[in-house]
Amino acid sequence: MTARRARLLWVLPCALLSVTGVFASPYATEIVSYTGPFGPSPYDDPYALLGKPSTKFWDSWSKKESRVKLVEPAYNTDRSGNKLITTVNQGASITVKFDHWIVDDPLNWYGLDFLVFGNAFFTGSGWVQGDSTNMNTYMLTGGGWYEPLTISVSPDGIDWYTYESGPYGDTMFPTNAYAWDRASASWTDQELDFTKPVNPAYASILNSGGISAADAIDLYEGSAGGTGFDLAESGFSQIQYIRVDGLSGFAGGEIDGFSDVRATPEPATACLLLSAGAGMVWRRRHRRANT
Ligand SMILES: [Ca+2]
Ligand SMILES: [Ca+2]
Ligand SMILES: [Ca+2]
């Protein structure tokens with residue numbers, strides 16, 4: 001066997017993995033079922049939960065487009081009038097499906113396997129005026145606007161596990177869609193990662209206030225936020241369905257979307273390393289055989 005063939009042995013399945021990776025969406029792709037009551041329009045459409053969570057919204061008050069940030073969440077619609085988030089009231093329920101398995105993968109960030117995005121936000125010092133408020137000086141005052149919703153998971157849409165004692169949807173960590181530039185004190189157009197969770201170890205720092213919004217964004221370490229869930233406690237090694245239910249005793253909350261946490265390193269990267277390694281091992285063996 002040549003070095004090239006040794007490497008090909010790895011490259012072929014890896015190429016397949018990358019191709020399926022390209023076609024699989026990291027976000028929910030299908031609405032399986034739903035039942036209201038939902039909020040008034042534009043918070044009444046279950047299909048607003050599919051696809052990538054909101055990055056910008058149209059602020060109907062200031063008549064400006066605004067970035068979704070951890071101190072100013074998605075509301076209203078996007079600038080074209082598309083609905084972004086949906087209010088799930090007590091008694092309401094929405095079931096979504098992914099186009100692939102969400103796996104309890106030990107390589108997933110912090111052991112978390114999927115993320116739920118709502119429209120929670122950290123409370124801070126005063127009114128946020130769209131994208132012009134300076135995140136370097138805007139201080140978090142502790143806590144946030146959380147409206148807990150119950151999350152359940154299923155491999156087949158029949159057997160379910162419910163996260164009865166949390167985590168809950170529409171709570172920590174608020175969505176922050178873009179990177180902030182401290183030096184110019186302005187927002188960038190660089191999107192943060194909707195498939196990377198915030199490190200749960202930072203929860204108490206982020207929730208206790210006394211830091212600037214810019215400090216908080218730094219603590220996100222490239223994540224776009226979201227509430228992280230570990231499949232380990234569900235007893236399912238993989239799932240394809242997520243259900244959100246209104247929580248008894250609460251008025252209702254909003255859901256924007258869901259994502260499958262990406263493994264670290266990603267399969268494609270791991271494959272490249274493996275195939276390079278396989279080539280190297282072959283060469284070393286080959287050299288030894290020839291001496
Ligand atoms: Ca896990
Ligand atoms: Ca909410
Ligand atoms: Ca949405």
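Reader: Before I look around, what are the helices and strands here, and from which terminus are they numbered?

Author: Helices (H or I, at least four residues) and strands (E, at least two) are DSSP runs, and they are numbered from the N terminus. With that in hand, P37 can be placed in the loop between strand 1 and strand 2 (56-59). Please keep in mind throughout that this is a predicted model.

Reader: Okay, and how many helices and strands are there in the chain?

Author: The chain has four helices and 16 strands. Of its 291 residues, 37% are buried, and among the contacts with a separation of 6 or more, 79% are between residues 24 or more positions apart.

Reader: You mentioned P37, so what is the peptide bond from G36 to P37 like, cis or trans?

Author: The peptide bond from G36 to P37 is cis, and its omega is near 10°. A second cis bond runs from M172 to F173, with omega near 5°, and F173 sits in the loop between strand 10 and strand 11. As background, most peptide bonds are trans, and most residues other than glycine have a negative phi.

Reader: Then which residue that is not a glycine has a positive phi?

Author: One of them is Y110, whose phi is positive at about 55° although Y110 is not a glycine. Y110 belongs to the loop between strand 5 and strand 6, and Y110 is partly exposed, because 15 other C-beta atoms lie within 10 Å. A185 also has a positive phi, near 50°, and lies in the loop between strand 11 and strand 12 (186-191). A185 counts as partly exposed because its C-beta neighbours inside 10 Å number 13.

Reader: Changing topic to sheets: in what order do the five strands of the open sheet come?

Author: The order of those five strands is 1-5-14-9-10, with antiparallel pairing. Strand 1 (30-35) and strand 10 (161-162) are the edge strands, each of which pairs on one side only. Further in, strand 9 (residues 150-154) and strand 14 (residues 238-245) are joined by five bridges in the antiparallel sense.

Reader: Which residue in strand 14 is the bridge partner of S152?

Author: R243 in strand 14 is the bridge partner of S152.

Reader: And what's the order in the open sheet of three strands?

Author: That sheet has the order 13-6-16, and its pairing is antiparallel. Its edge strands are strand 13 (227-229) and strand 16 (257-260), each pairing on one side only. On average, neighbouring strands of this sheet are turned by 25° against each other, with direction ignored. Strand 6 and strand 16 run antiparallel and are joined by four bridges, and F117 stands opposite G257 in strand 16.

Reader: Let's go inside: which residues have the most contacts in the largest nonpolar core?

Author: A213, I242 and F258 have the most contacts inside that core, which has 61 residues. Two or more residues come from each of strand 5 (93-103), strand 6 (114-117), strand 7 (121-124), strand 9, helix 3 (213-220) and strand 14. Leaving aside residues up to four places away in sequence, A213 touches L70, V71, G124, M135, Y138 and L140.

Reader: Sticking with helix 3, which of its residues are buried?

Author: In helix 3 the buried residues are A213, A216, I217 and Y220. They line one face of the helix, because seen down the axis of helix 3 they fall within an arc of 100°. In general, an α-helix has 3.6 residues a turn, so residues three or four places apart point the same way.

Reader: What covers those buried residues of helix 3?

Author: The cover includes strand 7, strand 8 (140-145), strand 11 (178-181) and helix 2 (203-208). After helix 3 comes E221, and the phi of E221 is positive, near 50°.

Reader: One last spot: where is Y27 found, and why is Y27 buried?

Author: Y27 lies in the loop between helix 1 (3-23) and strand 1. The cut-off for a buried residue is 20 or more other C-beta atoms within 10 Å, and Y27 is buried because it has 21. Not counting residues up to four places away in sequence, Y27 touches L50, G51, K52, G257, F258 and S259. Although Y27 and P53 are 26 residues apart in sequence, they are 8.3 Å apart in space, C-alpha to C-alpha.

Technical notes:
Residues numbered from 1 in each chain as written. Chains lettered and ligands numbered in written order. Predicted model: local features only at pLDDT ≥ 70, side-chain atom pairs only at ≥ 80, totals over all residues. Pairing = 2+ DSSP bridges. Buried ≥ 20, exposed ≤ 12 C-beta atoms within 10 Å, placed from the backbone. Contact = placed C-beta atoms within 7 Å. Core = buried A, V, L, I, M, F, W, Y, C linked by C-beta atoms within 7 Å. Axes fitted to C-alpha atoms, helices over the stretch in contact; angles between N-to-C directions. Arc of directions from axis to C-beta.
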